[in-house]
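This report covers salt bridges, backbone geometry, a cavity and a surface patch. The sequence and the structure come first.

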Amino acid sequence: MSIKIALAGNPNSGKTTLFNGLTGSNQYVGNWPGVTVEKKEGRMKWDKEATLVDLPGIYSLSPYTLEEVVARNVLLGERPDAIINIVDGTNLERNLYLTTQILELGIPVVMAINMMDLVEKEGDKINTERLGKALGCKVVEISALKGTGVQEAAQAAIAAAKEKGGQRPIHKYEDKIETALNQIEARIGRSVSETEKRFYAVKLFERDSKIADSMTQIPNVEDIVSAVEAAMDDDAESIITGQRYAYIEKVIKDSYTKKRKTAMSTSDKIDRIVTNRILGLPIFAAVMFLVYYISMVTVGAALTDWVNGPLFEETILPGLADFFKTAGVAGWLSGLVIDGIVAGVGAVLGFVPQMLVLFICLAILEGCGYMARVAFVMDRVFRKFGLSGKSFIPMLVGVGCGVPAVMASRTIEADRDRKMTIMTTTFIPCGAKMPIVALIAGAIFDGNPWVTTSVYFVGVAAIVVSGIILKKTKMFAGDPAPFVMELPAYHIPTFGFVMRSMWERGWSFIKKAGTIILLSTIVVWFLSSFSFQGGLHMLDDVLEQNTSILASLGNLLAWIFIPLGFGTWQATVAALTGLVAKENVVGAFGILYGFAEVAEDGAEYWGQLAAAFTPAAGYAFLVFNLLCAPCFAAMGAIKREMNNTRWFWFAIGYQCVFAYLVALCVNQFWIFFAGGGFGIGTAAAMVIFVGFLYLLFRPAKEEKLPVHSRIGGAA
């Protein structure tokens with residue numbers, strides 16, 4: 001017998017950790033039918049017949065956000081056999097607001113109180129027996145991070161699902177409201193089932209238009225609602241909200257004992273420092289510097305040096321060369337494998353250790369609860385420039401990959417803010433861009449930690465500057481969306497969580513190396529190894545690449561990048577291949593600058609690359625690839641989220657033009673301040689810089705028309 005169990009709870013209540021713990025590797029991800037909100041399902045580890053559906057994190061079942069609409073539609077339309085309501089034990093009162101609504105659905109509910117280890121650490125006590133009796137559902141204590149109580153919660157949900165049939169909620173409101181709800185239920189009649197009537201009655205009382213539209217027969221209840229509003233001198237929705245919290249307060253009083261009534265918790269004491277208006281940003285900058293220093297300069301760099309040196313250059317490459325020579329393999333095939341596949345894909349995989357160390361550091365920051373504080377701190381900054389803290393959430397996600405970062409913008413209610421976030425969120429260096437950062441920093445700047453760290457803040461600065469500029473246009477004018485976020489208590493992340501998070505991010509990168517990057521390196525090798533001059537033929541020497549097909553194609557566009565300092569066909573080709581996948585930039589350099597072999601003068605891969613770039617050109621190249629249009633996969637995500645072709649091309653065009661202008665200014669001003677003299681390029685950079693200042697400080701345009709009418713009529 002197949003059983004479907006829904007997992008519902010507030011954001012940051014530990015829902016994802018519990019889902020991973022219950023399903024293990026039996027997960028599959030898609031989108032909810034008809035909407036672009038991520039859908040996660042998985043088979044229970046303890047019962048393969050039970051499917052767990054992870055609903056979006058929500059605060060209520062009212063249709064305020066797309067997530068709440070999706071969650072409610074699933075619960076009402078698909079009617080799962082049971083619901084596991086995960087609740088943050090450290091914020092019990094706030095979490096129970098959603099619980100009271102879930103109980104009204106008439107579906108069997110098992111409440112899983114999470115973070116019980118933190119509750120006990122604070123000396124607080126939750127009487128689960130009294131709580132369950134007051135709510136009318138099974139209550140289980142769990143710690144999703146440590147895995148305690150997880151199996152018990154799953155088995156309780158499966159048992160509840162097998163019993164079939166739900167029950168009406170046992171909580172009651174004031175007599176006036178109960179009388180009104182009973183009258184509404186009578187008018188609903190048989191259009192909904194008996195177990196659902198309470199939920200529909202409450203929503204009709206609140207004048208929930210979406211619930212009314214979903215009913216086949218819509219009862220007229222305005223006279224009932226208006227009478228209660230007049231008697232209680234308040235609007236219907238506020239009346240229900242007040243009644244819920246009054247009931248929750250009574251439940252908490254009977255079942256929850258706090259040891260410290262007024263003393264600050266450990267998390268609150270830490271937050272007084274890390275979220276301080278003055279100290280918050282410097283602490284964040286110091287933390288990110290430490291993260292990049294560990295991953296790009298010390299631990300990660302040492303591992304990468306070993307992979308690139310002893311593993312690839314001293315072991316794999318000579319071994320393959322000797323094997324092919326002994327086996328008498330054709331020269332073109334040997335060149336394809338050694339100079340193409342190993343040189344390209346190997347150059348990319350060489351930076352995997354640095355990426356994995358970076359992902360471990362970021363997972364620790366996420367797992368302990370610090371990243372949630374960063375969003376809170378950045379809200380203060382972003383709000384001054386026209387964006388809300390919600391825009392920073394996709395940027396945090398974007399450190400791993402740009403695709404889910406773009407998708408994470410769905411949580412932003414205001415259409416203009418969502419579109420602007422989609423346009424700018426890929427400015428943050430994702431995992432695919434980190435090999436470029438590591439390569440340029442290592443080859444040209446001798447692994448300087450300030451170079452690797454600076455790219456993160458260049459991305460943030462680009463977002464802030466873009467926010468100011470775009471918000472002063474008619475398309476994006478308006479106040480930023482409000483930002484409300486749950487701040488979880490600090491805790492030590494488990495080893496399993498950190499490793500799982502690191503592997504999920506790292507594996508997607510490794511998979512691309514075996515598919516997209518592999519194909520791209522083969523194409524780059526072929527085009528760089530063959531020439532049309534004198535008829536199609538394979539070049540005998542890597543030094544003849546200037547006559548290759550790839551060189552001919554690259555030279556057609558190389559002139560565009562001369563003002564940026566890297567107007568060579570090699571750099572042009574590498575940047576263009578990065579549009580397919582950013583890792584291709586490193587793969588292309590690996591082929592074009594001879595990763596697979598040592599030049600006659602003894603200079604290897606990094607030395608040849610350093611000779612081809614000045615520091616100014618190297619950093620400009622880094623900035624351009626950081627800010628320009630992302631990979632094809634992320635572009636596809638942008639197109640889907642924009643849902644309009646003209647908006648899509650506007651976003652891509654803005655990113656490319658912005659990246660070009662910033663990189664030009666970086667190169668020209670670097671040369672000028674380094675004593676290179678004043679020239680046409682410097683004058684152009686000054687004009688661009690003045691233009692930026694004008695756009696930043698000009699008066700904002702007043703919003704007169706709906707934003708969605710500006711470009712292509714997209715809503």
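## Salt bridges and local features

Arg79 has a relative accessible area of 26%, so this residue counts as partly exposed. The model is predicted. Arg79 pairs with Glu196 in a salt bridge, with 3.3 Å from N to O. Glu196 sits in the loop between α7 (175-188) and α8, and Arg79 in the loop between α2 and β5 (82-88), so the bridge ties together parts that are 117 residues apart in sequence. Glu196 counts as buried because its relative accessibility is 11%.

In total, the structure holds 13 salt bridges. Three of them are set out here, among them the pair just described.

| Salt bridge | N to O distance |
|---|---|
| Asp208 and Arg72 | 2.5 Å |
| Glu196 and Arg79 | 3.3 Å |
| Asp254 and Lys250 | 3.7 Å |

Asp208 and Arg72 form a salt bridge, with the closest N and O atoms 2.5 Å apart. This pair links distant parts of the chain: Asp208 is in the loop between α8 and α9, Arg72 is in helix α2 (residues 66-78), and their positions lie 136 residues apart in the count. Are the two partners buried or exposed? Asp208 is buried, at 7% relative accessibility. Arg72 is buried too, at 4%.

The bridge between Asp254 and Lys250 is local. Both residues belong to helix α11 (residues 236-255), and they are 4 residues apart, so about one helical turn separates them. Asp254 is partly exposed, with 39% relative accessibility. Lys250 is exposed, at 55%.

Salt bridges also form a network, which links Arg207, Glu222 and Glu229.

## Positive phi angles

Arg207 has a further feature in its backbone. Its phi is near 60°, a positive value in a residue other than glycine. Most residues other than glycine have a negative phi. Arg207 lies in the loop between α8 (197-205) and α9 (209-214). With a relative accessible area of 39%, Arg207 is partly exposed.

Met115 also has a positive phi, near 65°, and is likewise not a glycine. Where is Met115 placed? Met115 lies in the loop between β6 (109-114) and α4 (116-121). Its relative accessibility is 8%, so Met115 counts as buried.

## The cavity

The structure holds 1 cavity of 30 Å³ or more. The volume of this cavity is about 40 Å³. Which residues line the largest cavity? The lining is made by Lys433, Ile436, Val437, Leu622, Asn625 and Leu626. The elements that give two or more residues to this lining are α21 (434-444) and α29 (615-627). Helix α29 gives the most, with 3 residues. By class, the lining has 4 nonpolar, 1 polar and 1 charged residues.

## The nonpolar patch

On the surface, Leu553, Leu556, Leu557 and Leu576 make a nonpolar patch of about 350 Å². Helix α25 (residues 549-558) gives the most to the patch, with 3 residues. Leu576 is placed in helix α26 (residues 569-577). At 37% relative accessibility, Leu576 counts as partly exposed. Residues must have over 30% relative accessible area to join a patch.

Definitions and conventions
Residues numbered from 1 in each chain as written. Predicted model: local features only at pLDDT ≥ 70, side-chain atom pairs only at ≥ 80, totals over all residues. Heavy atoms only, no water. 1 Å grid on protein atoms, 1.4 Å probe; cavity = no way out; pocket = protein on both sides within 12 Å on 5 of 7 lines; lining within 4 Å. Points joined across faces, edges and corners; volume = space filled by probe spheres on them. Nonpolar A, V, L, I, M, F, W, Y, C, P; charged D, E, K, R; others polar. Patch = residues over 30% accessible without salt bridge, like charges linked within 9 Å, V, L, I, M, F, W, Y side chains within 5 Å. Areas by Shrake-Rupley, 256 points an atom, 1.4 Å probe, with all protein chains shown as cover. Salt bridge = Lys/Arg side-chain N within 4 Å of Asp/Glu carboxyl O. Buried < 20%, exposed > 50% of the residue type's maximum accessible area, 1.4 Å probe, protein only.
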